[in-house]
Amino acid sequence: MLSIKNLHASVEDKEILKGINLEVKAGEVHAIMGPNGSGKSTLSSVIAGKEDYEVTDGEIVLEGEDIGELAPEERAHKGVFLSFQYPVEIPGVSVTNFMKTAINESRKAKGLEEMPANEMLKLIREKSELLEIDRKFLSRSLNEGFSGGEKKRNEIFQMAMLEPKLAILDETDSGLDIDALRIVANGVNKLRSKDNAVIVITHYQRLLDYIVPDYVHVLYNGKIVKSGGKELAYELEEKGYDWIKSEN
Amino acid sequence: MDLKEKLLSSFMAFEERVDVNADLHNIRTEAIKNFENKGFPTKKEEAWKYTSLNAVLKNDFSVFPKQENALSYAEVKKYFLHEIDTYKVVFIDGIFSSFLSSTTHEGLDVCLMSSALTKPKYKEVIDTYFNKIANKDESLTSLNTAFAHEGAFINIPKNKIADKPIEIISFSTGNEAALMVQPRNLVVVGKNAQVQIIERHQSLNSNPVLTNAVTEIYAHENANVDYYKIQNDVLTANLIDNTYISQKRDSNVSVHTFSFGGNITRNNLNFYHEGENIDSTLKGITIISGKQHVDHYTLVNHAQPNCESHQNYKGIFDGSSTGVFNGKIYVEKIAQKTDAFQQNNNVLLSDKATINAKPQLEIFADDVKCSHGCTIGQLDEDAMFYMQSRGIPQKEAKALLMYAFSNEVIDSIRITELKNRINKIIATKLGVNMGFDL
């Protein structure tokens with residue numbers, strides 16, 4: 001599914017990613033953990049194509065195609081989805097209209113007709129139930145005045161609507177209480193299949209109790225310094241990041 | 001001969017051409033004198049600091065159209081709000097087109113300024129209202145008054161709710177190499193009466209046009225007036241719009257100005273309060289690019305207690321376009337409990353685009369609520385990335401943000417078909433086809 005080789009990325013001449021290698025196969029869930037400032041969010045932004053970052057070396061290959069030069073929307077059309085740590089407020093655009101535009105633009109890019117209105121409504125209803133989202137919520141301006149939990153739930157709702165091949169969840173657990181965390185994790189788990197893959201980026205092990213990873217990687221100082229199974233997350237929780245820092 | 005001299009020397013010939021009574025002759029003579037003294041405004045004047053007419057005035061404008069021009073409805077249908085039934089007052093090169101118009105005298109008057117100015121039955125209305133609220137010191141308003149002859153005359157009697165919107169459209173055909181027109185409109189809305197008016201100036205080719213329009217609007221007690229100005233003209237069209245509004249107690253007047261086209265557009269919009277519990281709304285969206293220039297110069301004169309005014313102007317400037325927003329709120333000593341709000345938000349899409357924003361609050365009463373806010377920003381890049389990451393291409397994402405930005409103003413349009421039309425114009429302007437109306 002995703003193959004990242006020797007990825008180096010900088011922002012304003014400061015190197016943040018210093019040679020990342022990562023292989024994610026269809027059906028897998030990978031967790032990327034690490035202390036603050038280790039490059040976790042940079043990695044997710046670079047995969048999604050944020051222009052502020054300059055890729056200085058290496059490649060990002062999605063299903064055999066190098067997507068490193070593609071615009072963010074083109075990556076989205078190929079099935080990349082990033083759930084933002086801080087979803088952006090867009091006043092004046094309702095959640096529903098935003099999703100209609102996003103879905104129809106993706107369809108347009110694939111040479112498909114626009115989704116018929118009744119089909120769209122059905123899809124919205126189905127996916128909003130999955131995330132336990134109130135219908136009234138969908139006519140509100142995107143993320144405007146949403147609580148932290150509502151914003152994250154709305155991110156996973158969008159993921160459910162867009163059905164990506166590769167979903168990257170950037171600190172989706174931050175700002176969530178235990179009930180919201182359960183709803184969000186439950187949503188993600190229902191969307192998992194043998195054909196898609198999920199990368200969970202998190203600081204804490206807590207979310208991984210709900211979205212159980214196949215692999216855990218530890219990112220430190222722009223490099224993956226340790227990889228293992230889900231037990232690595234428990235080890236990190238127990239020993240703390242100082243353990244990693246002292247080894248590197 | 002420059003344009004000022006040409007206009008001055010044409011004045012006598014003009015007065016001989018039109019049927020004039022003595023009162024009007026006096027008004028016109030006063031006006032032409034004022035224009036002669038003051039001339040066209042220059043950047044030396046504070047009110048015209050950011051807008052220069054110099055280049056425009058170099059054109060050799062015809063000041064009287066030579067002949068009547070005909071247009072077929074099919075040629076110009078798209079400029080009308082053709083989805084609904086409307087009254088229409090249409091001018092072609094400054095001359096009334098009875099063929100394209102749909103006027104009335106049944107229950108309300110929607111007709112011609114030229115007949116109102118000359119027919120005895122309108123004398124009382126003209127004596128009461130004509131050139132009463134228009135600023136007699138202002139040189140361009142005076143110039144219009146001097147040559148005031150044609151335009152729309154709308155008189156809604158008390159308790160009458162106009163049964164359909166009224167469209168005032170002025171077409172320029174390019175029959176003249178360069179044309180100057182000076183429409184003069186008078187709108188009188190009686191006690192408890194209501195009306196919606198849409199005004200548009202449209203050139204049909206690229207010969208230069210200079211329109212110097214004056215509109216006087218009188219809203220009587222508890223009257224309701226919605227006025228929409230569509231400024232989406234070609235790049236060789238220049239518009240100076242002078243609108244004066246007098247409001248009596250409990251009246252409600254809104255003016256929406258949509259400035260998308262034209263070379264130089266200057267909107268002088270003036271509200272005067274003559275009673276309590278008045279509500280005034282001034283809203284505008286400006287979306288321009290290239291070398292276009294749009295200048296909004298607003299005045300709300302709070303002269304009575306317990307009145308409200310709401311101003312909300314949005315501007316999007318691309319290329320090397322320039323915008324000006326000068327919003328003056330004047331609160332007289334007697335005008336206690338005034339609630340005056342002014343908001344002006346601008347987005348600059350290019351390094352070369354400019355906006356000059358100047359809120360002016362002069363408050364002489366001590367118990368008032370006045371607020372103003374002005375922002376100038378760039379496109380929110382985080383929002384762009386967010387939308388792109390969901391598969392919305394850059395161009396559409398930009399358009400969506402611009403739509404969202406303008407939405408507060410579009411949302412308050414009370415004619416659905418007009419709202420749809422404005423949405424479409426904005427989509428075309430932004431080069432996208434949006435799948436929905438916001």
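Is Gly391(B) buried or exposed, and how many C-beta neighbours does Gly391(B) have inside 10 Å? Gly391(B) counts as buried, because it has 29 C-beta neighbours inside 10 Å, and 20 or more is enough for that class. This is a predicted model.

**A glycine at the contact**

Gly391(B) sits in a loop of chain B. Helix H8 (381-389) comes before that loop and helix H9 (394-410) follows. Which residues does Gly391(B) touch, not counting residues up to four places away in sequence? They are Glu73(A), Ala76(A), His77(A), Ala102(A), Glu105(A), Ser106(A) and Leu162(A). Val110(B) is 281 residues away from Gly391(B) along the chain. The C-alpha atoms of Gly391(B) and Val110(B) are separated by 51 Å.

**Where the chains meet**

The contact takes 25 residues from chain A and 20 residues from chain B. On the side of chain A that touches chain B, four elements give two or more residues: helix H2 (72-77), strand S7 (90-94), helix H3 (95-109) and helix H5 (148-162). H3(A) gives the largest share of that side, seven residues. By class, the side of chain A that touches chain B has 13 nonpolar residues, seven polar residues and five charged residues.

**Annotated spans**

UniProt, through unreviewed entries, places a feature on chain A and two features on chain B. The feature on chain A is "domain: ABC transporter", at residues 2-246. On chain B, "domain: SUF system FeS cluster assembly SufBD N-terminal" is listed at residues 21-168. Also on chain B, "domain: SUF system FeS cluster assembly SufBD core" is placed at residues 175-405. The table gives the helix and strand content of each span, with the distance between its end C-alpha atoms.

| Span | Helix | Strand | End C-alpha distance |
|---|---|---|---|
| Residues 2-246 of chain A | 36% helix | 29% strand | 30 Å |
| Residues 21-168 of chain B | 31% helix | 14% strand | 26 Å |
| Residues 175-405 of chain B | 9% helix | 60% strand | 39 Å |

**Chain B as a whole**

Chain B has ten helices and 20 strands. Its radius of gyration is 21 Å, close to the 22 Å that the globule rule gives for 438 residues, so chain B is as compact as a globular protein of that length. The C-alpha trace of chain B spans about 70 × 55 × 45 Å along its principal axes. Buried residues make up 49% of the 438 residues in chain B. Take the contacts in chain B between residues at least 6 apart in sequence: 82% of these join residues at least 24 apart.

**Two domains in chain B**

The domain assignment of chain B gives domain 1 (3-274) and domain 2 (380-438). The centres of these domains, taken over C-alpha atoms, are separated by 31 Å. Their contact takes twelve residues from domain 1 and ten residues from domain 2. On the side of domain 1 that touches domain 2, the elements that give two or more residues are strand S8 (194-203), strand S10 (224-231) and strand S12 (252-259) of chain B. That side of domain 1 has seven nonpolar, three polar and two charged residues.

**Nonpolar cores**

Which residues of the largest nonpolar core touch the most other members? Of its 160 residues, they are Phe81(A), Ile168(A), Val200(A), Ile154(B), Val189(B), Val195(B) and Leu400(B). H9(B) gives the largest share of this core, nine residues. Domain 1 (3-274) and domain 2 (380-438) of chain B both give residues to this core, so the core lies between them.

Val195(B) is in contact with Ile154(B), Ile156(B), Ala162(B), Ile166(B), Val189(B) and Val225(B), leaving aside its neighbours within four places in sequence. Another core, of 21 residues, lies apart from the largest one. Its members include Ile32(B), Val63(B), Phe147(B) and Leu179(B).

**A leucine in helix H5**

Leu117(B) lies in helix H5 (residues 113-118) of chain B. Why does Leu117(B) count as buried? Because 23 other C-beta atoms are within 10 Å. Not counting residues up to four places away in sequence, Leu117(B) touches Leu24(B), Ile126(B) and His149(B). Glu68(B) is 49 residues from Leu117(B) in sequence. In space, Leu117(B) and Glu68(B) are 21 Å apart, C-alpha to C-alpha.

Methods
Residues numbered from 1 in each chain as written. Chains lettered and ligands numbered in written order. Predicted model: local features only at pLDDT ≥ 70, side-chain atom pairs only at ≥ 80, totals over all residues. Contact = placed C-beta atoms within 7 Å. Nonpolar A, V, L, I, M, F, W, Y, C, P; charged D, E, K, R; others polar. UniProt positions renumbered as here; feature names shortened; annotations may be inferred. Rg over C-alpha atoms; globule rule 2.2 N^0.38 Å. Buried ≥ 20, exposed ≤ 12 C-beta atoms within 10 Å, placed from the backbone. Domains from an automatic or database assignment. Core = buried A, V, L, I, M, F, W, Y, C linked by C-beta atoms within 7 Å.
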